[in-house]
Structures are given as C-alpha cells and as structure tokens.
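Me: I should like to examine this model through a series of questions. Please reason briefly before each answer.

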Amino acid sequence: MFTPERPYRCSPSVALRPEPFGALAYHFGTRRLCFLKTPELVTVVTSLAAHCDVHAALDAAGLPTGRRAATLHALAALAAGGVIEPRGSAPAGPAGRSGDRLEETA
C-alpha cells in the first residue's frame, strides 16, 4: 500500500529512460514497461531517495497544488507496479534499457 508519508525510492530493478514527454520506466524483474507522462513526475521519482517522504519530494520539485493529487495517484500506481518502493538500506541503482510490455502511468 502506497503511503506518501513514508520514504520511497526508485527500485534498483528499474531503469528510467528520459523522453521528451517524461520517461520510460522498465522493470527488469517483471519485464514491464510504463510511461511517466510528465517531466515533473520524472523529477519526483528520481528525487524520492533524497527526501524524508513523498510530500517532501513533491515540495522540492515545486509541484503546484493542483497537480499533487494526480501525481500522488501516479506514484501509487508506480508503487503497485514495483517501479518505486519504500526506501530501505540498499541504494537505488540506475540502468537504461527498454522492455516489451506497455502500461500507462499519469
């Protein structure tokens, strides 16, 4: 269950590839590919590990109040798909490939 009051990170099993619309996220474990449809969402996802909770990451990204609900909804979907995960002691790792299953994330 996604809890924005907790610290999160991008999963070390996920590679983000920047795109003009935002990014593609490929999960090597599930072989799923999903779209991060806005550059703001990419900023939040890539900065999660540097903040004490999701709300702090949203604040640091300068996300307008009117976009927070949609962004939290997208982050919840990313958490359900394993793209982001509650932060533990292991560091997050970047990578960069594409996959074969498509999903859309706001």
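**Strands, core and confidence**

Me: Through how many residues does a hairpin join β2 to β3?

Reply: Strands (E, at least two residues) and helices (H or I, at least four) are DSSP runs numbered from the N terminus, and two strands pair if DSSP finds at least two bridges between them. Strand β2 (residues 14–19) and β3 run antiparallel, joined by 6 bridges. The hairpin between β2 and β3 passes through 2 residues.

Me: What pLDDT do local features need in this predicted model?

Reply: The term pLDDT denotes the predictor's confidence in each residue, from 0 to 100. Residues are numbered from 1 along each chain as its sequence is written, and side-chain values use heavy atoms, with hydrogens and water left out. In this predicted model, totals for chains, interfaces and linings use all residues, side-chain atom pairs count only at pLDDT 80 or more, and local features need a pLDDT of at least 70.

Me: Which pattern does the protein chain follow along its sequence?

Reply: The chain contains 3 helices and 6 strands. Read along the sequence, these elements give the pattern β-β-β-β-α-α-α-β-β.

Me: Which residue of β4 stands opposite Tyr26?

Reply: β3 pairs with strand β4 (residues 32–36) in the antiparallel sense, over 5 bridges. These two strands form a hairpin with 4 residues between them, and Arg31 in the turn has a positive phi of about 65 degrees. Towards β2, Tyr26 in β3 faces Ala15. In β4, the residue opposite Tyr26 is Leu33.

Me: How many residues of strand β3 are buried?

Reply: A residue is buried under 20% relative accessible area, exposed over 50% and partly exposed in between (1.4 Å probe, protein chains only). Across the 106 residues of the chain, 38% count as buried. Strand β3 (residues 22–27) is mostly covered, the number buried being 6 of its 6 residues.

Me: Is Val14 buried or exposed?

Reply: Val14 is found in strand β2, and its C-alpha is 9.9 Å from that of Leu24, a residue 10 positions apart in sequence. Because its relative accessibility is 2%, Val14 counts as buried.

Me: Which element supplies the largest share of the largest nonpolar core?

Reply: A nonpolar core is a set of buried Ala, Val, Leu, Ile, Met, Phe, Trp, Tyr and Cys residues joined through side-chain atoms within 4.5 Å. The largest one has 23 residues, of which Leu36, Val45, Leu75, Leu78 and Ile84 touch the most other members. At least two of its residues come from each of β1 (8–10), β2, β3, β4, α1 (39–47), α2 (54–60) and α3 (65–80). The largest share, 4 residues, is supplied by α1.

Me: Which cysteine has the sulfur nearest to that of Cys10?

Reply: A disulfide is a pair of cysteine sulfur atoms within 2.5 Å, and the whole structure has 0 of them. Cys10 is accordingly unpaired, and at 9.3 Å the nearest cysteine sulfur belongs to Cys34.

Me: How many contacts does the stretch of residues 89–104 have beyond near neighbours in sequence?

Reply: The chain has a mean pLDDT of 86, with 83% of its residues at 70 or more. Over residues 89–104, however, the pLDDT is below 50. Counting heavy atoms within 4.5 Å as a contact, this stretch has, beyond near neighbours in sequence, a number of contacts in the model equal to 34.
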